[in-house]
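Me: Could you take a close look at one part of this model for me? I would like to understand the ligand site and the parts of the chain around it.

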Amino acid sequence: MARVPRHEFVPRWDQPYSYENRPLSIGQGQTISQPYIVAAMTQMLRPRKDMRVLEVGTGCGYQAAVLAECVAEVWTVERIPELAEAAAARLEQLGYSNVHVKAADGALGWPEHAPYDGILVTAAAGNIPAALVDQLAPGGRMVIPVGVGRYEQVLTLVTRNEDGEISEERGLPVAFVPLITGKKG
Ligand code: SAH
């Protein structure tokens, strides 16, 4: 995280606050998570240099950059095209050639590159989207805020063991913007 220039990911007027431990606005009514939560979610994923990871909710691309420092390849999906385009340009300019950005409904995952060793969802879902579980590799880990409403969300770890069995573990309480999807999870 020390290598990622967080000030490059936020609007100019918020740059003085970009190294404080707080969320910041990134436009389009969306926010970049506070660094503590980015760190906690990244750690829950247990990143390794050989991992292929899917992120849902690119936003400004900050979490994707943190992941890109820790794993082999990152695919990230954002539903607001303006945010996806800005994040892709920013990540390219900063030299993150191992991040791939697409504007689409991330609740459907990114099937072309599945399965993923890790999936990190940075918007809160009422239910864990089935497509994401399907795209999780054996031994894979998914970190997703689950819950309706801003004060009822819990960071949830979904794992698939080598036999394909799925299990869930509940962790930290969090407050994310909602995952907006056309498909029921
Ligand atoms: N990880 C981001 C912060 C994400 S904020 C960062 O580091 O900046 C949550 C993002 O999820 C918002 O940009 C929002 O537009 C996006 N989002 C919400 N629903 C989505 C969906 N179904 N698919 C993809 N992105 C979605």
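Reply: Happy to: here is a walk from the ligand outward, through its contacts and its shell, to one helix beside it.

Please keep in mind that this is a predicted model. The ligand occupies the largest pocket. Around the ligand there are 26 residues, and those that come nearest are Q63, E78, D105, G106 and I180.

Let's take the polar atoms next. An oxygen atom of the ligand is 2.6 Å from an N or O atom in the side chain of E78. With Q63 the partner is on the backbone: one of its N or O atoms there lies 3.0 Å from an oxygen atom of the ligand. T122 faces a nitrogen atom of the ligand, with an N or O atom of the T122 side chain 3.1 Å away from that nitrogen. The ligand on its own would expose 580 Å², and the protein buries 99% of that area.

What is the shell made of? By residue type, the shell around the ligand has 13 nonpolar, nine polar and four charged members. As for the elements that supply them, β2 (30-32), α2 (62-70) and β4 (73-78) each provide at least two residues. The most comes from β2, which gives three residues to the shell.

Now for the helix. Q63, one of the residues that come nearest to the ligand, has its place in α2. Its relative accessibility is 7%, so Q63 counts as buried, the cut-off being under 20%. While the Q63 backbone has an N or O atom 3.0 Å from a ligand oxygen, the Q63 side chain makes a polar contact with the side chain of T42, at 3.0 Å. Q63 therefore has one polar pairing through its backbone and another through its side chain, and it is buried at 7% relative accessibility.

Burial extends along the helix: α2 is mostly covered, with eight of its nine residues buried. Those buried residues are Y62, Q63, A64, A65, V66, L67, A68 and E69.

E69 also leads us to a part of the chain far off in sequence. V4 and E69 are 65 residues apart in sequence, yet their C-alpha atoms are 8.3 Å apart in space. V4 is found in the segment before β1 (24-27). With a relative accessible area of 2%, V4 falls under the 20% cut-off and is therefore buried, and E69 is among the buried residues of α2.

Key. Residues are numbered from 1 along each chain as its sequence is written. This is a predicted model: local features need pLDDT of at least 70, side-chain atom pairs count only at pLDDT 80 or more; totals for chains, interfaces and linings use all residues. Side-chain values use heavy atoms; hydrogens and water are left out. A residue is near a molecule or strand if one of its heavy atoms lies within 4 Å of it. A polar contact is a pair of N or O atoms within 3.5 Å; within protein, one must be able to donate a hydrogen and the other to accept it, and residues adjacent in sequence count only if both atoms are side-chain atoms. Accessible areas come from the Shrake-Rupley method with a 1.4 Å probe; for residues, only the protein chains shown count as cover. On a 1 Å grid over the protein atoms alone, a cavity is a set of points where a 1.4 Å probe fits but cannot get out, and a pocket is an open set with protein on both sides within 12 Å along at least five of seven lines; lining residues have an atom within 4 Å of a point. A molecule sits in a cavity or pocket if more than half of its atoms lie within 2 Å of its grid points. Helices (H or I, at least four residues) and strands (E, at least two) are DSSP runs, numbered from the N terminus. Ala, Val, Leu, Ile, Met, Phe, Trp, Tyr, Cys and Pro count as nonpolar, Asp, Glu, Lys and Arg as charged, and the others, Gly among them, as polar. Buried means under 20% relative accessible area, exposed over 50%, partly exposed in between (1.4 Å probe, protein chains only).
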